[in-house]
Amino acid sequence: MMRNEHFKWIFQVFKGLVPDLTSGIVIVVLLSCALFGIHTYFNFTQGVLSVGATVFQHGHLQRLLAYPFYHKTSAQLLVNITALVFLSGSLEKGVGTVRFLFLFLLLSTTTGFFYSFLDLMQEDSSRSDAEGLLPAALACVALTTMHTKMTKGFLCGVSFPTMALPWVLLIITTAVVPHSVLPCNIIAILVGWIYGKGWFSLLNISAEKAGTLEKMMPFRLLRSIRGIKFVPASTEERRKTLLPQINPIPGSYPVQAYAPLSSMNPANMTANIYEGWSNSTAALSGLTPPVIPQGSAHSSGPNHGHGSQQSVGQSCNHSHSDGQGHSHAHL
């Protein structure tokens with residue numbers, strides 16, 4: 001029993017660390033894996049789809065669209081996929097799947113264009129080709145930091161300004177990801193900031209247009225796939241998808257039970273109330289209703305008053321007198 005609980009705890013911790021898979025991330029990962037399989041099976045030349053000076057020298061403009069999905073080695077592919085899943089998921093959850101895919105291609109194409117132009121200005125000996133998902137992932141992080149309301153970021157327990165997050169990730173990924181090109185990654189962060197400031201707002205796709213595309217193929221098919229979250233472009237639908245309403249099982253939360261008013265007998269209402277105090281309320285709260293002795297007196301003869309309090313769940317009040325002028329009151 002203890003062993004099962006231990007494995008269950010480990011699974012919950014692992015599930016909390018791994019972000020949810022969304023449709024846009026899955027599509028990009030599948031395209032990257034498919035292109036790597038084709039490249040390996042047919043044994044293409046290394047760097048056949050990388051961006052660099054050859055984009056302008058030989059007119060290989062198709063590389064601007066293909067280079068983020070192209071990877072030379074399996075290690076580069078796995079590390080780039082990991083960086084994409086952890087760094088770009090927040091952008092898709094903020095704008096929707098359709099707009100994320102559009103922004104992914106827009107950011108990667110712009111980054112590849114500027115880097116190819118920069119590589120063309122350099123000498124032949126210092127030129128290097130760039131490829132992989134990492135530049136687009138860093139551009140997505142930079143774009144996200146421009147729209148977030150958080151002023152502080154945390155990474156491995158270290159706090160730093162949110163605007164510095166892309167640069168911290170740049171240092172880490174450049175040292176870890178194989179075949180990473182530092183100038184291309186820097187350009188990607190700057191491109192993400194430019195788009196975040198709205199300088200190229202005319203190129204953005206609106207939520208209304210994205211909502212129309214969601215009703216078409218293949219996005220309509222993606223919505224029906226279970227286990228993968230398709231993030232709608234509409235704010236209300238996106239909120240329902242990412243923050244589903246919780247319907248607790250009856251009895252799972254402690255609640256205060258109250259008796260309905262219709263279940264109480266009106267005939268016993270007067271017996272359960274004394275001087276404005278309910279006997280049940282007084283018993284639950286530990287309070288004792290005030291006792292006020294009542295009696296009746298006659299004009300002749302000595303008067304003797306006797307008061308007695310009975311706590312039997314209800315109060316009774318009656319009086320009687322005898323012929324000798326003695327009055328007795330019982331409470």
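Biologist: Where does P218 lie?

Modeller: P218 lies in the loop between α10 (207–214) and α11 (219–223); helices here are DSSP runs of H or I with at least four residues, numbered from the N terminus. Before we go on, this is a predicted model, in which local features need pLDDT of at least 70, side-chain atom pairs count only at pLDDT 80 or more, and totals for chains, interfaces and linings use all residues. Residues are numbered from 1 along each chain as its sequence is written, and side-chain values use heavy atoms, with hydrogens and water left out.

Biologist: Thanks! What kind of peptide bond joins M217 and P218?

Modeller: A cis one, with omega at about 5 degrees. In general, most peptide bonds are trans.

Biologist: What makes the phi of N43 worth a remark?

Modeller: The phi of N43 is near 55 degrees, a positive value in a residue other than glycine. Most residues other than glycine have a negative phi. N43 sits in the loop between α2 and α3.

Biologist: And why is N43 called exposed?

Modeller: Buried means under 20% relative accessible area, exposed over 50%, and partly exposed in between (1.4 Å probe, protein chains only). N43 has 64%, so it counts as exposed.

Biologist: Why is H179 called partly exposed, then?

Modeller: Its value is 42%, which falls between the two limits, so H179 is partly exposed. H179 also has a positive phi, about 60 degrees, although it is not a glycine, and is found in the loop between α8 (165–176) and α9.

Biologist: How do you know that K72 and E131 form a salt bridge?

Modeller: The term asks for a side-chain nitrogen of Lys or Arg within 4 Å of a carboxyl oxygen of Asp or Glu. For K72 and E131 the N to O distance is 4.0 Å, so the pair meets the rule. The pair links distant parts of the chain, 59 residues apart: K72 is in the loop between α4 (63–66) and α5, and E131 in the loop between α6 (97–121) and α7.

Biologist: Why is E131 called buried, and what about K72?

Modeller: E131 has a relative accessible area of 5%, so it is buried. K72, at 22%, counts as partly exposed.

Biologist: How many salt bridges does the search of the whole structure find?

Modeller: It finds 2 salt bridges. One of them pairs E214 with R223, whose closest N and O atoms are 3.3 Å apart, so this pair fits the rule too. E214 is buried at 6%, whereas R223 is partly exposed at 41%.

Biologist: How many disulfides are there?

Modeller: The search of the whole structure finds 0 disulfides, a disulfide being a pair of cysteine sulfur atoms within 2.5 Å.

Biologist: Why are C140 and C184 called buried?

Modeller: C140 has 0% relative accessibility, so it counts as buried. The value for C184 is 0% as well, and C184 counts as buried.

Biologist: What about A139: buried or exposed?

Modeller: A139 is buried, because its relative accessibility is 0%. A139 is in helix α7, and its C-alpha atom is separated by 4.9 Å from that of A188, 49 residues apart along the chain.

Technical notes: Helices (H or I, at least four residues) and strands (E, at least two) are DSSP runs, numbered from the N terminus.
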